[in-house]
Amino acid sequence: MLLVHAVGGGDLGLASARTVPVLNDTPEATGTDRRPLRKLFEALPPVSALALLGTTNPGGPLGLPFAHWATEIGARLASEEGLCGVRLDPGAVHVVEVEEPRMEAASLSLTAWLARHRPERVLISYGSGAFALSAGALCAALETCVPTGLVHIDEPRRPYTLERPPDMAGHMESWLLRHRFWDALAETDPGDGELWRLLAARQAGDTRLAARTHASDTITRGELAKFAELRPTMQAALFERLGRGEAADHGLLRAWFGDRLRKLFRDDRDGLPVRVREQIERLITALGTRDDDQGHLSGRIRQTARLIDERVDAACVRLLRDQALTDLYARASTHRAHLLSEPMGPGPLPPGLLTAADQWERGDQGVRLVARTGRTGWPVLGSGDVLGLLAVGLDRGDGPADGRRDAEDRQAIRVVLTELRRRLDRLPRRGVPRLRLPASPEAARRAHALAGWASSVALDTDVRVIEDVSGGIERVREVIVTALRSEAAPTGRTGSGSPRDIDELLLVLNPGPPATNYGMIAASVEWSLTAACPLHVTELVGRGNAAPELRGGRPVLARLGADHVLARLTASAVHRLDLRTAVRLAGRGSSRLRESLPAIEELEKDLFGPAPSTWTEGEQRAAARRRLGLIAAACGDHPGLAVYLAVSALQPALFPWGAWKDMRESHPALRELGRRANEALHGHALDRLDRRGRSGNGADGRGDARAVLARAIGELGGPLKGDDELIVRHKSLIAELSLVYQENG
């Protein structure tokens, strides 16, 4: 067992008024003279190794850094006389130098040390000051996957282990539900499997399953009919995939925009000037024209918006004037943005999309059907809310220093609220910064005063106090989690105000009782799993007369549970080629899960990326065969999606528009792929909705998607040895992610 201990003033006998270090302790010492290491050695089982953390920044006792004194203590412990009642083998005592007394610095230094020494178990002391070093040591242990316990110097016989919350199966279900991984839910919950499969088909833009499903006690005939309708299916596919940060590709976005404009125009038509009606009608006709390269349409939308008199106000006109939406359309309509890059970029979606998503969500039967299973879903585009936790400390006492303390605390709250707003600005919708101030009974009055001040100067925030936060780690965890659960209940729709619906959780550690800080860590881990959202831990660092700053933010606490669910979700996303989603999910995990990112990104590039300009036609065709083979293997169950992905993977990424048209003329299977992609919901199915009803979706009597993909591979010169390369890599990547899932299970 390795004991990690941060060397501080108590180890040097600097209690009370003494300023000169005294290394030799005495067994009969009591109170503040009793050395932390002696308390630990007397209560713990024999320690096989000791790592002393010592800072190298100047300003320690006698002007020497604590790393110097850590070395002195280590030498005494290994000497014949020993120290603190023990003598350790010289090879068992180590000094780990830390650049500054900060959590991130301690984590980096100890992570490197643990990676070299690989202990079987670690105990980290706390309670003698230097909490930042102790917390950094915990992060290092998590980063290197070493089983870890926390021991308070005054209660070393009662180590506390930060473990994953017990109901990981329930948390896994929550993450699948929040991120709308319906197909994975069908595997884990076969009892409601029929519903999950219908929702999965809807998300893929496939209405065929609803047409084949019979009404039952759980799904009525009317609900099945709704699943078979093209318009709500298209809306669900777009909004759910946007909510995951997945695909704002040309197909879904074009289909949605054209359909939305037609609907709003029908409602507004009679009140529009004749000239405006004609302009919009011409645009709608152009949007419905079957043309492989429709990148010019974004310019057509802008031109139409400019031609309309600014005094004309109608819903369809406001849609055309949504500059952010037109910009998104322009980026997506190149067909080069599909999955490989993120055409949206970070930040709120265009107002027109948000308004339409909210309208769809209010009438979406999926919310009601999920509730019928006893579960509550999440808003389709998230709440836009970010929650921060920042503990409030005690007054220092009466006197002039109180004014300075108030100013410092207000500065700290401003800094945290600024960081929350920065994170809000990167979400699909902008919600509310929510700040919770855990406070002990003694600090409650002060905390409420600070919360009132914060609410008065930042009107767009929700600041509240969590009272009675005191005691040990477990009690602090319970109080905070209970308080969050007692707030507004989630509804499955936007605007519930429930902390369960937050999109991110920011834990801010600051100087204070270590049990409170560790209890906040335990509560944050549990709540991030409950809310199925990312958790970031950061440290509030003072800078003298300047405003404090936040340092850190790595998702290292993902090792305590989030890695388990994230690995499962990432594997599911990779399985169905939602590779942008997979990158985002893996990026939220610890370094262990992020090790898979290069392989995911490489697969994404080789499946959807552009061909190098130096490639020969033979190399382009070989790449096309590999791409079609993987798409057939992974997505063949949803024909419309499969053929659309196939065309998107081939042109213009591998074959320019002109070459693609020529190839379709001489390759019947490629011609059929293009036709089916146009007939799919991602293509022009909605443009023919009035006369075609529910037919289409890329399925007809000429065989399923796998068959036409196989014929296309043959036309491209295959199959040949090596054509299954992407399939092999795809399976290997899923196996690696499954291993991470099992490691954290």
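Helices α5 and α22 sit oblique to each other, because their axes cross at roughly 45° and angles between 35 and 65 degrees fall outside the parallel and perpendicular classes. This is a predicted model, and the briefing below walks through three helix pairs and two pockets. The largest pocket comes in at about 1000 Å³, and the second largest at about 870 Å³.

**Helix pair α5 and α22**

- α5 covers residues 168-178 and α22 covers residues 562-575, and their axes come within 10 Å.
- The crossing of α5 past α22 is right-handed.
- On the α5 side, the contact uses M168, H171, M172, W175 and L176.
- Facing them from α22 are H564, V565, L566, R568 and L569.
- Sorted by class, the α5 and α22 contact holds 7 nonpolar, 2 polar and 1 charged residues.

**Helix pair α11 and α15**

- α11 (residues 250-268) packs against α15 (residues 323-332) at an angle of about 140°, and the axes are 9 Å apart.
- Why is this pair called oblique? The angle is about 140°, and only angles over 145 degrees count as roughly antiparallel, so α11 and α15 end up oblique.
- Here the crossing of α11 past α15 is left-handed.
- α11 brings H250, L253, R254, W256 and F257 to the contact, while α15 answers with L325, L328, Y329 and A332.
- The class split for α11 with α15 is 7 nonpolar, 1 polar and 1 charged residues.

**Helix pair α26 and α32**

- α26 (residues 617-635) and α32 (residues 725-743) have axes 7 Å apart and pack at about 45°.
- That angle makes α26 oblique to α32 as well.
- R626, R627, G629, L630, A633 and A634 are the α26 residues in the contact, and E725, L726, I727 and H730 come from α32.
- By class, you get 5 nonpolar, 2 polar and 3 charged residues where α26 meets α32.

**The largest pocket**

- Its volume is about 1000 Å³, and 49 residues line it.
- Which residues are closest to the centre of the largest pocket? They are R405, N510, P511, G512 and L540.
- Helices and strands both feed the lining: α4 (131-143), α18 (401-424), β8 (433-438), α21 (514-531), β11 (535-543) and β12 (546-552) each supply at least two residues.
- α18 gives the most to the lining of the largest pocket, at 8 residues.
- If you're thinking about chemistry, the lining of the largest pocket breaks down into 27 nonpolar, 14 polar and 8 charged residues.

**The second largest pocket**

- This pocket has a volume of about 870 Å³, with 37 residues lining it.
- R426, L427, E504, R584 and R588 are the lining residues closest to its centre.
- α10 (230-243), α18 and α23 (579-587) each hand over at least two residues to the lining of the second largest pocket.
- Which element gives the most to the lining of the second largest pocket? That's α23, with 5 residues.
- The lining of the second largest pocket divides into 15 nonpolar, 10 polar and 12 charged residues.
- α18 turns up in both linings, since it supplies at least two residues to the largest pocket and at least two to the second largest.

Conventions. Residues numbered from 1 in each chain as written. Predicted model: local features only at pLDDT ≥ 70, side-chain atom pairs only at ≥ 80, totals over all residues. Heavy atoms only, no water. Axes fitted to C-alpha atoms, helices over the stretch in contact; angles between N-to-C directions. Helix = DSSP H or I, 4+ residues; strand = E, 2+ residues; numbered from the N terminus. Parallel < 35°, antiparallel > 145°, perpendicular 65-115°, else oblique. Left-handed = near helix turned anticlockwise from the far one by under 90°. Contact = heavy atoms within 4.5 Å. Nonpolar A, V, L, I, M, F, W, Y, C, P; charged D, E, K, R; others polar. 1 Å grid on protein atoms, 1.4 Å probe; cavity = no way out; pocket = protein on both sides within 12 Å on 5 of 7 lines; lining within 4 Å. Points joined across faces, edges and corners; volume = space filled by probe spheres on them.
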